[in-house]
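Trainee: I have just opened this one for the first time, could you walk me through it?
Mentor: Gladly, let us put it on the screen and start with a single side chain.

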Amino acid sequence: MKKQNVDALVNLAARRAIILPAFNIYGDIGGFYDYGPLGFRIKNNIVGEWRRTFIESLGNLEVETTLISPAVVFEASGHLKNFADPIITCKKCSKSHRADKLLEELYQKRNDLEKLSGIKKMDFKEMGAAVEAEKIKCDSCGDPLKAEVKSFNLMMGTKIGPTGDLQAYMRPETAQGIFMDFKAIHRTGGMKLPIAIGQIGKVFRNEISPRKILIRMREFTQMELEYFFDPSEKDFQINNRKPDMGKALGTKLNFLSSELQASGKAEYEHISLKECVTKGYIPNEFMAYMLSIEVGFLERLGFKQEDIRFRQIVKEELPHYSLGNIDVEARLDSGFEEIIGNAYRTDFDLKNHEKYSKGDMSIVNGEKKLVPHVVELSFGLDRIFWTLLANSLYMDDKRGWEVLDTNRVVAPYSYVVLPLQKDEKLETQALNISDQLTKKGITNYYSASGSIGKRYARADETGIPYAVTADYQTLEDGTVTVRDRATAEQTRKKISEIA
Ligand code: GAP
């Protein structure tokens, strides 16, 4: 089977309404997408696996905090001052562009790894000069872009109350709600650090130029985990158990260190987490442990090792709150894209909320009073969804159609249930089977319209792992054929054996 390109996924997504541009009947304004029924199920399944891995298995907690916060929250977090991107505006047609991304796309196309890594180190003046020197044109009017690069804050503002006096903002990350509630949650008792609070929810960023479908959106979903820990504690426990650090640090992954980025010699090297810690690429062992869990999570979703790399963020590119970031990036046709941001946020956020609220964010952990440090795991759900599908879509020339090779854990349904042909008895039997599977908690849908071949094709391209067909033998002995999407082979089974 041959891997398809992103254009094929865009076609499939439109054909099967997996995702849809929002408010499209009024025209697309860019950066807003709806999830159709199949997309919604896949997205929810990714959420389910995240929750099992990072909340349930690790004994962590989950909250839901508000989408809107008063301005003071983002003064404290630093977002009002620092959360900005470089903007360049076309002098002829006034279209705005993100200057660093224009250069990134150009160098990615040329596969110039050295220049690509150089962008992160440019100041706005150098960026403007590079856009001009490269003769990059405005994609709207075709005029060469020759203008000053400025800073553009991505926060989306709103007003609270009838007089509109209180300036507020839509959250650009879910994290701040967690930081503000941390102490009150910790007070509910019995918690020993390290402990994480997670949150899944929408965030808003007024992106200058939304791009690549779900990759750069203006409203998107994050799954964030804020791990509170004592940085002086070497022997930490997770969920009351001693973690197997030997195994975790022995995990090998595709890693792009800042040194390798500067040399531009390779996309990554395959090394162990232990080596990453020893060489100082990863700020601490605790963070390395969490990265080992991310490796397993991505594998279970169905990412192949060669499509994922971990990238050390170079100093000049670090967010204002971080002492060390490791991004997880997934492969797309155009190059690697960040899907998870891991940051060592230290006590930056808790200390700043302490300062601006004039409160006390310290807690007592065992005998010790401290303001904990934080390692953050911030997952972009939409980017994970999109890059996973992009790396799962294949053309099978033998079958003559596309196959979405998803793992069962993310597939929109586990089974499609089909009557072999139009016949009332077969249809009743298939509907009964569908009901029996639903009662057993096995996700499935019934499909009767079109030839059996067309129905297999529809199931294959939407990632359904198994098809159950009720035929005339089913009416006699209660057995069905079960077709495996991976091989297209069929086996005969009793209905009760379907799991
Ligand atoms: N709390 C930290 C934080 O928000 P981030 O790196 O800005 O960090 C985390 O965002 C993740 O959110 C990214 O790794 C990416 O997957 C996703 N993300 C960021 N901006 C996005 C956008 N405009 N559209 C879709 N996903 C985005």
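Mentor: The side chain of Arg399 reaches the backbone oxygen of Arg485 at 2.8 Å, and a polar atom of that Arg399 side chain also lies 3.3 Å from the backbone oxygen of Ala486. Please keep in mind throughout that this is a predicted model.

Trainee: Where is Arg399 in the chain?
Mentor: Arg399 is placed in the loop between strand S21, residues 393-396, and strand S22, residues 401-404.

Trainee: And is Arg399 buried or exposed?
Mentor: Arg399 counts as buried, because its relative accessibility is 15% and the cut-off for buried is under 20%.

Trainee: What else does Arg399 touch, leaving aside its neighbours within four places in sequence?
Mentor: With those neighbours left aside, Arg399 is in contact with Asp460, Arg483, Arg485, Ala486, Thr487 and Ala488. You can also look at Gly453, which is 54 residues from Arg399 along the chain, with the two C-alpha atoms separated by 9.6 Å.

Trainee: How is the chain divided into domains?
Mentor: The domain assignment gives domain 1 as 41-81 + 155-390, domain 2 as 84-153 and domain 3 as 413-497. The C-alpha centres of domain 1 and domain 3 lie 41 Å apart.

Trainee: Changing topic, which residues come nearest to the ligand?
Mentor: There are 20 residues around the ligand, and the ones that come nearest are Glu173, Met217, Glu224, Glu338 and Ile339. For Glu338, an N or O atom of the side chain is 2.6 Å from an oxygen atom of the ligand. Backbone atoms take part as well, since a polar backbone atom of Ile340 is 3.5 Å from a ligand oxygen, and a backbone N or O atom of Gly380 lies 3.4 Å from an oxygen atom of the ligand.

Trainee: How much of the ligand's accessible area does the protein cover?
Mentor: On its own the ligand has 560 Å² of accessible area, and the protein covers 92% of that.

Trainee: Which strands supply at least two residues of that shell?
Mentor: Strand S12 (219-229), strand S17 (335-346) and strand S20 (373-380) each do so, and S17 gives the largest share, with five residues. Sorted by class, the shell holds nine charged, seven nonpolar and four polar residues.

Trainee: What do the buried residues of H13 pack against?
Mentor: They pack against S12 and S17, and also against helix H3 (71-77) and helix H8 (175-187). Helix H13 spans residues 348-357, and its buried residues are Asp349, Leu350, Asn352, His353 and Glu354. Just after H13 comes Lys358, which takes a positive phi of about 55°.

Trainee: Why would a positive phi be worth pointing out?
Mentor: It is worth pointing out because most residues other than glycine have a negative phi. Phe23 has a positive phi of about 40° although it is not a glycine, and Phe23 is placed in the loop between strand S2 (19-21) and strand S3 (33-35). Asn240, also not a glycine, has a positive phi of about 65°, and Asn240 lies in the loop between S12 and helix H9 (245-250).

Trainee: How do those two compare in exposure?
Mentor: Phe23 has 42% relative accessibility and so counts as partly exposed, whereas Asn240 has a relative accessible area of 67% and therefore counts as exposed.

Trainee: Where is there a cis peptide bond?
Mentor: Leu193 and Pro194 are joined by a cis peptide bond, with omega at about -5°, and Pro194 lies in the loop between H8 and strand S11 (195-204).

Trainee: Back to arginines, what does the side chain of Arg309 make a polar contact with?
Mentor: The Arg309 side chain makes a polar contact with the side chain of Glu329 at 2.6 Å, and a polar atom of the Arg309 side chain lies 3.0 Å from the backbone oxygen of Glu267. Arg309 is in strand S15, residues 308-312, and it counts as buried because its relative accessibility is 12%. Not counting residues up to four places away in sequence, Arg309 touches several residues, among them Asn254, Leu256, Tyr268 and Phe336.

Trainee: One last one, is Glu104 buried or exposed?
Mentor: Glu104 is buried, with a relative accessible area of 12%, and its place is in helix H5, residues 99-110. Leaving aside neighbours within four places in sequence, Glu104 is in contact with Leu116, Ile119 and Lys120.

Methods. Residues are numbered from 1 along each chain as its sequence is written. This is a predicted model: local features need pLDDT of at least 70, side-chain atom pairs count only at pLDDT 80 or more; totals for chains, interfaces and linings use all residues. Side-chain values use heavy atoms; hydrogens and water are left out. A residue is near a molecule or strand if one of its heavy atoms lies within 4 Å of it. A polar contact is a pair of N or O atoms within 3.5 Å; within protein, one must be able to donate a hydrogen and the other to accept it, and residues adjacent in sequence count only if both atoms are side-chain atoms. Accessible areas come from the Shrake-Rupley method with a 1.4 Å probe; for residues, only the protein chains shown count as cover. Helices (H or I, at least four residues) and strands (E, at least two) are DSSP runs, numbered from the N terminus. Ala, Val, Leu, Ile, Met, Phe, Trp, Tyr, Cys and Pro count as nonpolar, Asp, Glu, Lys and Arg as charged, and the others, Gly among them, as polar. Buried means under 20% relative accessible area, exposed over 50%, partly exposed in between (1.4 Å probe, protein chains only). Contact means heavy atoms within 4.5 Å. Domain bounds come from an automatic or database domain assignment.
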